[in-house]
Amino acid sequence: MGLDIYYFPASQPSRSVVMFLKLNKIEYNDKLVNFITGEQNTPEYLAMNPNHAVPVMDDDGFVICQSVAIVKYLASKYQTADHWYPSDLKKRAKVDELLDWQHTNIRKHGIGVFFYIKLGHFFGLPALTPEQIDERYKELDGSMTLIECFLKDQKYLCGDEITLADLFIANEVLQPTKCERDIYEKHPKVKAWIDRVRERLNPVWDEMDGVFDQILSGLASR
Ligand SMILES: N[C@@H](CCC(=O)N[C@@H](CS)C(=O)NCC(=O)O)C(=O)O
């Protein structure tokens, strides 16, 4: 029993949850679920999460199957540093605003590039045509431009302190950087922010990114 976290490091919301746990020194039991080989589709896993996805948290029998809800629960339960998810109503609403945005925008457009180029064939999807690839990068470019607007002249997305919004959005941006094109070419401001986030979260960021890279290298040889 205790805090069980079902996750896979090639999954961006999984990395956000696990990074949050590590950064806040919260003890948990590692439960790896390789969604590329279909481990999320076993009857036991589906009984816990019928939506067959990682991450999932099982806190002594209390199960939550959405990454943002998991991290908000953990932030409250362990009373983590206020900057992650501020108690101030208006500051918190700004973090929530960006967490909602990430799910419907950068997440969608980052996956549109990364998932279909790197993982699609493991899920039986046809390869994208060059025109489709261009279109996917164009959509991602739109998300990157929005991130620049959100940043204004701030250090982080919601001001001068790092929040859950930076953690989740940075992990979404990381995903398509594993493909061939340089997504930062037109967006140096986003690159500078990612570098700042990485530095702020290290060594945890590099540790998780390294495991993600190992998974991708293993896939390339299959
Ligand atoms: N909204 C969910 C998304 C979870 C999700 O889409 N997970 C992907 C990996 S990033 C997955 O497990 N996919 C496997 C599947 O759908 O079968 C969250 O934020 O937790």
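This passage describes the ligand site and the salt bridges of a predicted model.

The ligand is surrounded by 13 residues. The closest of these are H52, V54, Q66, S67 and R107. Sorted by class, the shell around the ligand is made up of 5 nonpolar residues, 7 polar residues and 1 charged residue. The space that the ligand takes up is the largest pocket.

Polar atoms of the protein lie at short range from oxygen atoms of the ligand, and three such pairs are described here. In the side chain of Q40, an N or O atom is 2.9 Å from an oxygen atom of the ligand. For H52, the distance from an N or O atom of the side chain to a ligand oxygen is 2.9 Å. Both values fall within the 3.5 Å cut-off, so the two pairs count as polar contacts. V54 takes part through its backbone: a polar backbone atom of this residue is 2.8 Å from an oxygen atom of the ligand. On its own, the ligand has 510 Å² of accessible area, and the protein covers 81% of this area.

Apart from the ligand site, the structure contains salt bridges, 12 in total. One of them joins the side chains of D59 and K77, with an N to O distance of 2.8 Å. The two residues are 18 residues apart, and the pair connects distant parts of the chain. D59 belongs to strand β3, which spans residues 56-59, whereas K77 belongs to helix α3, which spans residues 67-77. The salt bridge between D59 and K77 thus links a strand with a helix.

How values were computed:
Residues are numbered from 1 along each chain as its sequence is written. This is a predicted model: local features need pLDDT of at least 70, side-chain atom pairs count only at pLDDT 80 or more; totals for chains, interfaces and linings use all residues. Side-chain values use heavy atoms; hydrogens and water are left out. A residue is near a molecule or strand if one of its heavy atoms lies within 4 Å of it. A polar contact is a pair of N or O atoms within 3.5 Å; within protein, one must be able to donate a hydrogen and the other to accept it, and residues adjacent in sequence count only if both atoms are side-chain atoms. Accessible areas come from the Shrake-Rupley method with a 1.4 Å probe; for residues, only the protein chains shown count as cover. On a 1 Å grid over the protein atoms alone, a cavity is a set of points where a 1.4 Å probe fits but cannot get out, and a pocket is an open set with protein on both sides within 12 Å along at least five of seven lines; lining residues have an atom within 4 Å of a point. A molecule sits in a cavity or pocket if more than half of its atoms lie within 2 Å of its grid points. Ala, Val, Leu, Ile, Met, Phe, Trp, Tyr, Cys and Pro count as nonpolar, Asp, Glu, Lys and Arg as charged, and the others, Gly among them, as polar. A salt bridge is a side-chain nitrogen of Lys or Arg within 4 Å of a carboxyl oxygen of Asp or Glu. Helices (H or I, at least four residues) and strands (E, at least two) are DSSP runs, numbered from the N terminus.
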